[in-house]
Amino acid sequence: MLNKIQELKDAIEALQVSSIEEIEAARIKYLSKKGEISLLFNDFRTVPNELKREIGQKLNELKTLATDKINSLKASFEDSSDASAGLDLTRTSAPYTIGTRHPLSLVKEEIISIFSRLGYTIAEGPEVEDDWHVFSSLNFAADHPARDMQDTFFIQRNPDILLRTHTSSVQSRVMEHTQPPIRIICPGRVYRNEAISYRAHCFFHQVEGLYVDKGVTFADLKQSLLYFAREMFGPDTKMRLRPSYFPFTEPSAEMDISCDLCGGKGCNFCKHTGWVEILGCGMVDPNVLDACGIDSKVYSGFAFGMGIERIANLKFRVKDLRMFSENDVRFLEEFKSVH
Ligand code: PHE
């Protein structure tokens with residue numbers, strides 16, 4: 001009898017239920033007239049007199065335990081409203097994992113923030129463009145190779161409607177309807193008909209900049225870009241400009257910064273030159289100003305353009321450009337701690 005009492009006590013203590021019906025079943029099992037505890041009370045008559053006191057006490061305790069347990073289980077179910085019936089208090093308080101910002105967005109925001117400190121505002125334009133804004137207004141000769149089908153995606157074989165190959169098109173749009181001073185940066189996606197590989201894609205992202213006013217010189221260009229490079233890559237960053245060619249700027253240059261991996265000593269990343277290229281730039285060609293309705297005898301300006309993937313690559317050393325557009329969560333989560 002004592003064993004049986006102990007057994008029931010353990011079972012009742014461990015009792016767990018997930019519905020009102022289960023509580024009722026437990027009540028019937030233990031406490032109803034034919035329940036296990038009632039049966040023990042029936043058997044009590046057969047207990048020898050000398051044990052009656054001890055066993056009687058244990059039996060009463062068991063009955064109280066069972067009654068209390070069932071009452072408290074009932075109360076807990078009645079308290080909880082429908083909405084919290086399935087409430088699981090063991091779950092974490094923040095069940096949703098927070099997403100990450102895309103590395104290209106992080107870098108774009110940083111570029112924008114640096115130039116906004118120099119007074120630049122953002123200008124945006126369409127990705128599907130016409131020939132005038134992408135090429136003709138920017139001094140591309142009619143037979144310039146960049147218009148070739150190799151580089152440009154045309155829409156429905158119409159040579160006039162195309163996907164912009166650079167965001168310089170936004171600059172020509174702004175110049176068309178704004179008189180200087182103009183100080184804008186143009187972030188956006190651009191398209192080029194290139195075979196996709198680890199270092200080229202058929203679309204990528206740019207931030208281009210334009211500053212037009214009276215008396216803007218190459219020295220302004222150089223100082224602005226040096227400020228950008230040092231804000232972006234650290235105060236010890238050095239820059240150099242190499243002569244280059246773009247139809248819309250004269251003179252034109254490509255800008256390199258000292259390789260921050262080897263500190264300019266030369267390594268695999270910078271192909272042992274100590275320098276890495278970051279952008280193209282130059283003084284806006286007077287033909288471009290005039291084509292866009294700005295008097296090139298009064299005003300001058302500079303422009304620059306950089307690939308966001310390129311800058312992101314320098315900051316984060318992403319070896320394969322395709323990672324940026326594959327949306328692999330494992331890759332994206334690596335940027336959780338940035339900003
Ligand atoms: N538009 C050029 C490109 O896409 C970059 C550039 C912009 C160069 C402005 C000079 C001045 O490569």
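Let's start in the loop between H7 and E5, where Pro181 sits. Pro181 is joined to Pro180 by a cis peptide bond, with omega at about 5 degrees. Keep in mind throughout that this is a predicted model. A cis bond also turns up between Glu250 and Pro251, this time with omega near -5 degrees, and here the proline belongs to a strand, E8. These bonds are worth a look because most peptide bonds are trans.

While we're on backbone geometry, two residues other than glycine have a positive phi. Lys271 has phi near 50 degrees, and Arg317 has phi near 55 degrees. Most residues other than glycine have a negative phi, so these are easy to pick out on a Ramachandran plot. Lys271 is in the loop between E8 and E9, while Arg317 is in the loop between H10 and helix H11, which covers 323-326. How covered are they? Lys271 has a relative accessible area of 69%, so it falls in the exposed class. Arg317 is at 27% and counts as partly exposed.

Now to the ligand. Its shell holds 13 residues, and the closest of them are His166, Ser168, Arg192, Gln206 and Glu208. Three of these can be followed atom by atom. From the side chain of His166, an N or O atom lies 3.0 Å from a nitrogen of the ligand. Ser168 places a polar side-chain atom 3.1 Å from a ligand nitrogen. Arg192 deals with an oxygen of the ligand instead, with a polar side-chain atom 2.9 Å away. The ligand on its own would expose 330 Å², and the protein buries 90% of that.

Which parts of the fold build this shell? Strands E6 (203-213), E9 (275-284) and E10 (300-307) each give at least two residues. E10 makes the largest contribution, with three residues. By residue type, the shell splits into six polar, five nonpolar and two charged residues.

Next, helix H7, which spans residues 168-177 and contains Ser169. Ser169 has a relative accessible area of 0%, so it is buried. Beyond residues up to four places away in sequence, Ser169 touches Glu129, His133, Val134, Leu138 and Arg164.

One of those partners, Glu129, deserves its own stop. Glu129 is in strand E2, residues 128-130. Glu129 is a charged residue with a relative accessibility of just 3%, so it too counts as buried. What does its side chain pair with? There is a polar contact between the side chains of Glu129 and Arg173, at 2.7 Å. Leaving out sequence neighbours within four places, the contacts of Glu129 also include Val134, Asp160, Ile161, Leu162 and Arg164, along with Ser169.

On to the nonpolar interior. The largest core has 45 residues, and the members that touch the most others are Ile111 and Phe304. Two or more residues of this core come from each of helix H5 (103-116), E6, helix H8 (218-233), strand E8 (249-258), E9, E10, helix H10 (308-316) and helix H12 (329-332). Take Ile111 as a way in: apart from neighbours within four places in sequence, Ile111 is in contact with Val207, Phe228, Met232, Met306, Ile308 and Ile311. There is also a second, separate core of 22 residues, with Phe135, Leu162, Ile182 and Tyr299 among its members. Leu162 has come up already, as a contact of Glu129.

Last, have a look at Tyr198, in the loop between strand E5 (182-191) and E6. Is Tyr198 buried, partly exposed or exposed? Its relative accessibility is 46%; partly exposed runs from 20% up to 50%, so Tyr198 belongs in that class. Which residues does Tyr198 contact, leaving aside neighbours within four places in sequence? They are Lys319, Asp320, Leu321 and Arg322. The C-alpha atoms of Tyr198 and Met323 are 8.6 Å apart, although 125 residues separate the two along the chain.

Technical notes. Residues are numbered from 1 along each chain as its sequence is written. This is a predicted model: local features need pLDDT of at least 70, side-chain atom pairs count only at pLDDT 80 or more; totals for chains, interfaces and linings use all residues. Side-chain values use heavy atoms; hydrogens and water are left out. A residue is near a molecule or strand if one of its heavy atoms lies within 4 Å of it. A polar contact is a pair of N or O atoms within 3.5 Å; within protein, one must be able to donate a hydrogen and the other to accept it, and residues adjacent in sequence count only if both atoms are side-chain atoms. Accessible areas come from the Shrake-Rupley method with a 1.4 Å probe; for residues, only the protein chains shown count as cover. Helices (H or I, at least four residues) and strands (E, at least two) are DSSP runs, numbered from the N terminus. Buried means under 20% relative accessible area, exposed over 50%, partly exposed in between (1.4 Å probe, protein chains only). Contact means heavy atoms within 4.5 Å. A nonpolar core is a set of buried Ala, Val, Leu, Ile, Met, Phe, Trp, Tyr and Cys residues joined through side-chain atoms within 4.5 Å.
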